[in-house]
Amino acid sequence: MVHTKIAAGLLAGVALALSSSAVLAQTEVTWWHAMGAELGERLEAIAADFNASQTEFKVTPVFKGSYPETLTAAIAAFRAGEQPAIVQVFEVGTGTMMAAKGAVYPVHQLMADNNEPFDPSSFLAPVVGYYTDTAGNILSMPFNSSTPIMYYNKTAFEKAGLDPNVAPKTWAEVEAFSKKIKDSGAAACGFTSGWITWVQTENLSALHDVPYGTLENGFGGLATEFQFNGPVQVKHWENLKRWADEGIFQYGGPVGGNDAPTKFYAQECAIYMNSSASRAGVIGNAKDFEVGFAPLPFYDDVIAEPKNSIIGGATLWVLNGQSPEVYKGVAKFFTYLSTSEVQAAWHQATGYLPITNATYELGKEQGYYAANPGSDIAINQITRGTPSVNSKGVRFGNLSQVRDAIDSEFEAMLAGQKSAQQALDAAVAAGNQILRDFEAANQ
Amino acid sequence: MQSKRTVFPHKGLPYLLLAPQLAITIVFFLWPAGQALKSSFEREDPFGFRTTFIWFDNYTRLFGQPDYLLALGRSAVFAVSVTLLAMSVSLLLAVAVNRLLRAGKVYTTLLVWPYAVAPVVAGILWWFMFNSTIGILPYLLGQAGIAWNHRINGDQAMLLVVLAATWKQISYCFLFFVAGLQSVPRSLLEAAAIDGSGPWKRFWTITFPLISPTTFFLLIVNVNYAMFDTFGLIDATTSGGPAGATNILVYKVYADGVLGLNIGSSSAQSVMLMLIVIVLTVIQFRWIERRVEY
């Protein structure tokens, strides 16, 4: 009895040793990401499918918390020499990562070194534009890109006597519709918004073709200065303040605006502006009402044809300090990741943009956009017209700190401590100070 | 005071016995504090490729910022409110429980529960309750004619974080006060009662002075808690807003260093915070401790 147990134990031990050596033969590629909940499950499924598709490499996704937490963790790990091969960094961190030349293995170089196909022109122009350096090279792998759109409560529109199939096109219409919604009692407030910085300031500037900062919105170098205290932005912030006082706009909080989605889901506000990647959440939470989708509104007295919106979301950065074997695995994984099938499944499940032209074509062929009305609003909005220097995107170092300063000034304006002009002037001054610090630290 | 001196024959033994504690202090306190001190004199990019020694630039910049001075004032308001509120409420609860004969244990257990809640979770709980859309309290306050929106109103936001931080700390203070109250000799209280003093007088002339060591200890612990331990809670409830109304020193350290990746300034701020707390503790020991009777 005892002998058989020992024998069984030995056998198990040998089996374990064999299986672990089989695992050891695989090269492990660590991937730190910031996708929680459903998005995280989708991401892990991509890694699992890649691992099942071949035997040489094993991609291990690790959830590291929010975007800022993931970036901070990766930087701390890099300083300690424990960095992952791949880290997902949000668009706000792009300036920081691009300046960290010694830490980053540029994707275009990685793909060339490992003889993997990589054609920048296969990606959507606004995506490529946002993530290329001044020499036109893509430094990080586009993965999850989004752009803000407008969601609206069709049921509330109907109750207010509005046509549920007509979304407000201009800000004047947003105001008129909101008043009607509030006065009729269809909802307590007209509209709310996530990301005051990204949606109501950065994208507002792009849409109306006004500069956000000098040197092509920061693409031209570290000596850039902010300019978002121009007449268009001031007028818009003034309106937001007035609308907040009249009760037709409700503020959803700083950074991403945590309170904004609940206001929309609870039918307190009938219109909601946020990332196209909020689509899954909106559809999942809109239990008692029907949702409409529309492009962001604009001021028709400022611009007749609004420019394209700009992107948010994140890209995958490859960090230095791994073995060539690992980088080979990263390159193979990136090739897998950019196939239309993988991209289409990701895009359709999450609401992120189809980042390659082929993915969009595949979705059209599959009849996805016809079957899901509103799912192509984001892609149409971000690809419309010819991008100008003002709508190509923004690139500033320490942008998340700048955004905090903007949020703080916006709140001061809402509380009546400052006028829109004063608040934006103060935000620009604080932002420029942060830019100078970044410039000094990266010279 | 005279006491008998015990002389240990081995010179090395005391140090050996102290070694584990010393190692912990050095590794987890002195070494990181030294690192913070060092990087507070430097300017560095987040990845640490370029480090420049810049003397006191981080400090002079800090005191040139009106934001920092405002945060200093807010921290004082926050720490004083949380300490006073947490200690007075928990003392009240402890006295009440101490008078109970039977259900005291049950109340004690229930009142200690919040201490097991992580700061961020506590923050989320309060964020839910006070959420202007789905929260129950803004709804009730709205019925009473008070418009609650801590996303815009800075005073309300401060009230919210003070309440949340206090709630989290009451359990801890309560436990110590209960223990302190139980060590007050009943004979003293009975003697005073026989002499004709009422409960109010008995409390202030006998109980309160006798639990002064506990009160003093809690005072220091609470000030340290409010100054150092509350950034998770603030992050979850208000993120320092609106317009910086709840941006206290420790949250600013976290926001600038961890979120903003400005390590030099963040280190300078944490060194300042450390100095402030050291000074406060020294003051407390020098002047307040004299009035404590052990």
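# Exercises on two sheets, a helix and a chain contact

In this predicted model, strand β5(A) and strand β9 (residues 291-294) of chain A run antiparallel and are joined by four bridges. The exercises below start from this pair.

## Exercise 1. The strand β5(A) and its partners

Task: Determine which strands pair with β5(A) in its sheet, and in which order the strands of that sheet stand.

Solution.

Step 1. On one side, Y152(A) stands opposite G292(A) in β9(A).

Step 2. Next, consider strand β8 (residues 269-275) of chain A, which pairs with β5(A) in the antiparallel sense over five bridges. Here the bridge partner of Y152(A) is I271(A).

Step 3. The sheet as a whole is open and has five strands in the order β7-β6-β8-β5-β9 (chain A), with mixed pairing. β7 (249-251) and β9 of chain A each have a single partner strand and stand at the edges, so one side of each lacks a neighbour in the sheet. From one strand to the next, the twist averages 25°.

Step 4. Two helices lie across this sheet's strands. Helix α8 (residues 171-184) of chain A lies across β6 and β8 of chain A, at about 125° to β6(A). α9(A) lies across β5, β6 and β8 of chain A, at about 125° to β5(A).

## Exercise 2. The two faces of β5(A)

Task: Assign the residues of β5(A) to the two directions in which they point, and decide whether they are buried or exposed.

Solution.

Step 1. In a regular strand, side chains alternate between the two faces of the sheet.

Step 2. In β5(A), P148(A), M150(A) and Y152(A) point one way, while I149(A), Y151(A) and N153(A) point the other way.

Step 3. Both sets are buried. The strand, residues 148-153 of chain A, is accordingly described as mostly covered, with six of its six residues buried.

## Exercise 3. The second sheet and its helices

Task: State the strand order of the sheet that contains β10 of chain A, and identify its edge strands.

Solution.

Step 1. This open sheet has five strands in the order β2-β1-β3-β10-β4 (chain A), and its pairing is mixed.

Step 2. The edges are β2 (57-63) and β4 (141-146) of chain A; each has a single partner strand, so one side of each is without a neighbour in the sheet. Direction ignored, neighbouring strands are turned by 20° against each other on average.

Step 3. One parallel pair within the sheet is formed by strand β1 (residues 27-33) and strand β3 (residues 86-90) of chain A, over two bridges. W31(A) stands opposite I86(A) in β3(A).

Step 4. Helix α2 (residues 37-53) of chain A lies across β1 and β2 of chain A, at about 170° to β2(A). Helix α14 (residues 324-337) of chain A lies across β1, β2, β3, β4 and β10 (312-318) of chain A, at about 60° to β1(A).

## Exercise 4. The length and sides of α2(A)

Task: Compare the expected span of α2(A) with the distance between its end C-alpha atoms, then locate its buried residues.

Solution.

Step 1. At 1.5 Å a residue, the 17 residues of α2(A) should span 24 Å; the end C-alpha atoms are 25 Å apart, which agrees.

Step 2. L39(A), L43(A), I46(A) and F50(A) are the buried residues of α2(A). They lie on the same side of α2(A), because they cover an arc of only 50° around the axis.

Step 3. These buried residues pack against β1, β2, α14 and α15 (340-350) of chain A. On the other side of α2(A), the residues A37(A), E41(A), A48(A) and A52(A) are exposed.

## Exercise 5. Two residues with positive phi

Task: Classify W195(A) and S239(B) as buried or exposed.

Solution.

Step 1. W195(A) is in the loop between β6 (189-193) and α9 (198-207) of chain A. Its phi is near 45°, a positive value in a residue other than glycine.

Step 2. S239(B) lies in the loop between α11 (231-237) and α12 of chain B, and its phi is near 50°, again positive in a residue other than glycine.

Step 3. The cut-off for a buried residue is 20 or more other C-beta atoms within 10 Å. W195(A) has 23 such neighbours and therefore counts as buried. S239(B), with 21, is buried.

## Exercise 6. The contact between the chains

Task: Describe the side of chain B that touches chain A by element and by residue class.

Solution.

Step 1. The contact takes 34 residues from chain A and 27 residues from chain B.

Step 2. On the chain B side, β1 (42-44) and α12 (249-259) are the elements that give two or more residues. α12(B) supplies the largest share, three residues.

Step 3. By class, this side of chain B has 11 nonpolar, 11 polar and five charged residues.

Notes: Residues numbered from 1 in each chain as written. Chains lettered and ligands numbered in written order. Predicted model: local features only at pLDDT ≥ 70, side-chain atom pairs only at ≥ 80, totals over all residues. Contact = placed C-beta atoms within 7 Å. Nonpolar A, V, L, I, M, F, W, Y, C, P; charged D, E, K, R; others polar. Buried ≥ 20, exposed ≤ 12 C-beta atoms within 10 Å, placed from the backbone. Pairing = 2+ DSSP bridges. Axes fitted to C-alpha atoms, helices over the stretch in contact; angles between N-to-C directions. Expected span 1.5 Å × (residues − 1). Arc of directions from axis to C-beta.
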